[in-house]
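Please open the model in your viewer and colour it by secondary structure, then follow the stops below in order.

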Amino acid sequence: MSGNGKVVCVTGASGYIASWLVKLLLQRGYIVRASVRDLADPKKTEHLHALEGANERLHLFKANLLEEGSFDSVVEGCEGVFHTASPCYMNATDPQAELIDPAVKGTLNVFSSCIKTPSVKRVVVTSSMAAVLHSGKPRTPDVVVDETWFSSAKVCKQAKMWYALSKTLAEEAAWKFAKDNSIDMVTINPAAVIGPLLQPTLNMSAAVILNLINGSSTCPNASFGWVNVEDVAMAHILAFEVPLASGRYCLAERVAHYAELVKILHEQYPALKLPEKCVDDKPFVPIYQVSKEKAKSLGIDYIPLETSMKETVESLRKKGFVSF
């Protein structure tokens, strides 16, 4: 019980990664003060209340990313702050209002609460590989992406990658604020996160897998890094607990093209109707490598992609998103 009685805060606690983070923190004996947008919405709170240890050690607060001072009461008395709250979807109609403002202003609001709270020892921020990959540098099988890569806001804007832009700007703002205010900050930069869902709603990365098993005839021509949600949640905790943890941690068990995901699914579920070809006839978007050294130094031993895929599908079945 490494967290025995220590008080920590998790922002955006109803989200996919955050729900797992709350679960593992409670398992480790932490007292968790967690924020959600709407305390009256059972979809945001019920699965958290059901976690082991929640009755005794989970305290939920209402907080809004765009409201100054909103996180003061949540952060109060905490030693560690896990800032995971940030909108996550691809097709925004107003990227500035829907993605960029909540990501950037939300981060600064949480950090402003942290500097008012002398008990805070370290802040762990959920960033993304989206804030790493889009630098304009080529990504090919012999290229190893690591923590020294930073996405360029200009590259993201030109390609209209609004989610990547929101994560890039939010991480930039966080590092600047942390430096200016002497905050001990660590960022976790996961690739596409899959694995079991705790929350009742469908998150963006699980939807990607659902689209492959829902009878679609084609798969996207794209390659992504993939990582299990449990590894991502664990990395956050280790980033807080390990005294020498610092800087950024890229998390990807492996980079795989969608065609490889389809192949894995076909082996696991031979009866499923799966995509038979790519959406276009262009050459496959190449895979690349993501360095595992820093994540390993933290103590992460990755769950294999095959296991993550199986867990995702079984979870989607159990929650009624797909039936077969």
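This tour of a predicted model goes from the sheet to two helices and ends at the cysteines.

Begin by selecting the strands: they include an open sheet of 7 strands, paired in parallel and arranged in the order β3-β2-β1-β4-β5-β7-β11. At its edges you will find β3 (58–62) and β11 (247–251), each of which pairs on one side only. From one strand to the next, the twist averages 20 degrees.

Next, select residues 7–11 and residues 80–83, which are strands β1 and β4; these run parallel and are joined by 4 bridges. Within this pair, Cys9 has Val81 of β4 as its bridge partner.

Now add the helices that lie across the strands. Helix α2 (residues 42–49) lies across β2 (31–36) and β3, running at about 170 degrees to β3. Helix α5 (residues 95–115), by comparison, lies across β1, β4, β5 (122–126) and β7 (185–190), and runs at about 175 degrees to β4.

Finally, show the side chains of Cys9, Cys78 and Cys114. Why is Cys78 not bonded to Cys9? A disulfide requires two cysteine sulfur atoms within 2.5 Å, and because the closest cysteine sulfur to that of Cys78, in Cys9, is 5.1 Å away, the two are too far apart for a bond. Cys114 is likewise in no disulfide, the nearest cysteine sulfur, again that of Cys9, being 7.1 Å away. By this distance rule, the count comes to 0 disulfides. Before leaving, turn on a surface: Cys78 is buried, with a relative accessible area of 0%, and Cys114 is also buried, at 5%.

Definitions and conventions: Residues numbered from 1 in each chain as written. Predicted model: local features only at pLDDT ≥ 70, side-chain atom pairs only at ≥ 80, totals over all residues. Heavy atoms only, no water. Buried < 20%, exposed > 50% of the residue type's maximum accessible area, 1.4 Å probe, protein only. Pairing = 2+ DSSP bridges. Helix = DSSP H or I, 4+ residues; strand = E, 2+ residues; numbered from the N terminus. Axes fitted to C-alpha atoms, helices over the stretch in contact; angles between N-to-C directions. Contact = heavy atoms within 4.5 Å.
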